[in-house]
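Visitor: I would like to go through this model with you, one question at a time. Please show it first.

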Amino acid sequence: MDAFAIYRLPHASECTLVGQHGVPEAFSELKMLDGKRGFVIAPFTPGDASPIILLRPDLVRQYAYDEVKQISSLPYYLGVNELSSAPASREQYHDIFSRFHRAFSATDIQKLVLARCADISHEGIVKSNLFAMACERYPEAFVALFSAPQCGTWLIATPEVLVDRDGDRWHTMALAGTMPYSDNLPSWSDKNIQEQAYVARYIKECLDHYSDEVTSSGPYTTRAGKLVHLRTDFSFTLRPDASVGCLLEDLHPTPAVCGLPKQEAHRFILDNESLDRSYYSGFSGPLNLDGNTAMFVSLRCMRIYDDRYRLYAGGGILSQSDEEMEWNETAAKMQAMLSLIKHDN
């Protein structure tokens, strides 16, 4: 086995290992996934350095959580000299945030997502232990640990569905707006409500190109670890001539990780964010495995290197956004991975 992904679907009692012999196939466009089968690892922006990866299911095996810790032969791809950019300092974040904020008065952009990363040093880790711990701590999340020559090694525990299928029905969600969880939640701010509405509207317009039957419910408050979000659920059937690959191409990246209008926001982020997102805010999951397809946005994630973890988080920026609140929101989102690291040390 030369590459692998081990994942646990939300609220599932077992996890699944997908292993491939040889280097996985790489693609430049999501529509090229039509008719394929395996485990997909897609970046925020496909390119030579971060291609769309499909793990061929040469090996598929089910495990209980406690059994995962005993797997010692997985092929981890770790690198120490591949860091393309340093994490932004608080002062650098201020400059980048100001650049993003000025875009609302200088362009037609309505929303942007600003991401950052943080590095945590380590002297040696057991990756499968981190995966098992994430499964136990975040039962409502899609948890995945994957490693391949083209992408390195990543751990994610994400609450956000991109698309999944249950028989003839497909599902997706609009997930935006963030607050710390507490027993007595304050009301949602106008900024969070507006941000979530942007995402929901975009997804509905996208789905209308592929389905004649789209239903929705929400928005409502949903919990993800120590955070809560605003969420709207969508259910739909695909037209007989609809392409799943093209649907993925249109949905990704959603306004929840990019912005609106999509093309303008995406270009602005690539030109101004000063961060190589790589596979953060891409998506991953099984494609046509045992008849199941379930793709999840790669949030609450980190890349694992020989000597450090690189944690990623982002937040939606609107014209009324406050810089300190956005910085604190990304710090709160990083806690999902940071708590695993602290517990393991």
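Visitor: How many aromatic pairs does the structure hold?
Guide: The model is predicted, and side-chain atom pairs count only at pLDDT 80 or more. Under that condition the number of aromatic pairs is 11.

Visitor: Which kind of aromatic pair do Phe39 and Phe146 form?
Guide: Phe39 belongs to strand β4 (residues 38–42) and Phe146 to strand β8 (residues 142–148), so their pair ties together parts that lie 107 residues apart in sequence. Phe39 is buried at 0% relative accessible area, and Phe146 is buried at 1%. The ring centres are 6.2 Å apart with 50° between the planes, and the pair is tilted.

Visitor: Which kind of aromatic pair do Tyr280 and Tyr312 form?
Guide: Tyr280 sits in the loop between α6 and β15, and Tyr312 in strand β18, 32 residues away. Tyr280 is buried, with a relative accessible area of 4%, and Tyr312 is buried with 4%. Planes under 30 degrees apart count as stacked. With 5.4 Å centre to centre and 15° between the planes, this pair is stacked.

Visitor: Which residues form one aromatic cluster with Phe39?
Guide: Phe39 has Phe146 as a tilted pair partner. The cluster holds Phe39 together with Tyr7, Phe142, Phe146 and Phe296.

Visitor: Which strands stand at the edges of the sheet that contains β10 and β16?
Guide: This is an open sheet of 9 strands with antiparallel pairing, in the order β3-β5-β4-β15-β16-β10-β11-β13-β12. Two of its strands have a single partner each, so one side of each is left without a neighbour in the sheet. Those edge strands are β3 (25–27) and β12 (214–224).

Visitor: By how many degrees are neighbouring strands of this sheet turned against each other on average?
Guide: The pairing throughout this order of 9 strands is antiparallel. With direction ignored, the average turn between neighbouring strands is 20°.

Visitor: What is the bridge partner of Asp164 in β16?
Guide: Strand β10 (residues 161–166) and strand β16 (residues 294–297) run antiparallel and are joined by 3 bridges. In β16, Asp164 has as its bridge partner Ala294.

Visitor: What angle does the direction of helix α4 make with that of β11?
Guide: Helix α4 (residues 190–207) packs on the sheet and touches β11 (169–180), β12 and β13 (227–236). Its direction and that of β11 make an angle of about 165°.

Visitor: At what angle does helix α5 run to β10?
Guide: Helix α5 (residues 244–251) lies across β10, β11, β13, β15 (283–287) and β16. Its angle to β10 is about 155°.

Visitor: Which residues are in contact with Asp250, leaving aside its neighbours within four places in sequence?
Guide: Asp250 lies in helix α5 and counts as partly exposed at 30% relative accessibility. Its C-alpha is 9.3 Å from that of Leu30, although 220 residues separate them in sequence. Its contacts are Tyr202, Cys206, Tyr210 and Lys262.

Visitor: Which residues have the most contacts inside the largest nonpolar core?
Guide: The largest nonpolar core has 81 residues, and α4 gives the most to it, with 7 residues. Those with the most contacts inside this core are Phe39, Val40, Leu112 and Leu248.

Visitor: How many residues does the other core have?
Guide: Another core lies apart from the largest one. Its members include Ile6, Met133, Tyr309 and Met334, and the count is 31 residues.

Visitor: Why does Cys258 form no bond with the closest cysteine sulfur?
Guide: Cys258 counts as buried at 0% relative accessibility. A disulfide needs sulfur atoms within 2.5 Å. The closest cysteine sulfur, in Cys206, is too far for a bond, at 12 Å.

Visitor: How many disulfides does a search of the whole structure find?
Guide: Cys246 is partly exposed, with a relative accessible area of 28%. Its sulfur is 11 Å from the closest cysteine sulfur, in Cys206, too far for a bond. Across the whole structure the number of disulfides is 0.

Visitor: What is the bridge partner of Ile156 in β17?
Guide: Strand β9 (residues 152–158) runs antiparallel to strand β17 (residues 301–304), with 4 bridges joining them. In β17, the partner of Ile156 is Cys301.

Technical notes: Residues numbered from 1 in each chain as written. Predicted model: local features only at pLDDT ≥ 70, side-chain atom pairs only at ≥ 80, totals over all residues. Heavy atoms only, no water. Pairing = 2+ DSSP bridges. Axes fitted to C-alpha atoms, helices over the stretch in contact; angles between N-to-C directions. Contact = heavy atoms within 4.5 Å. Core = buried A, V, L, I, M, F, W, Y, C linked by side-chain atoms within 4.5 Å. Buried < 20%, exposed > 50% of the residue type's maximum accessible area, 1.4 Å probe, protein only. Phe/Tyr/Trp six-rings, centres within 6.5 Å; stacked < 30°, edge-to-face > 60°.
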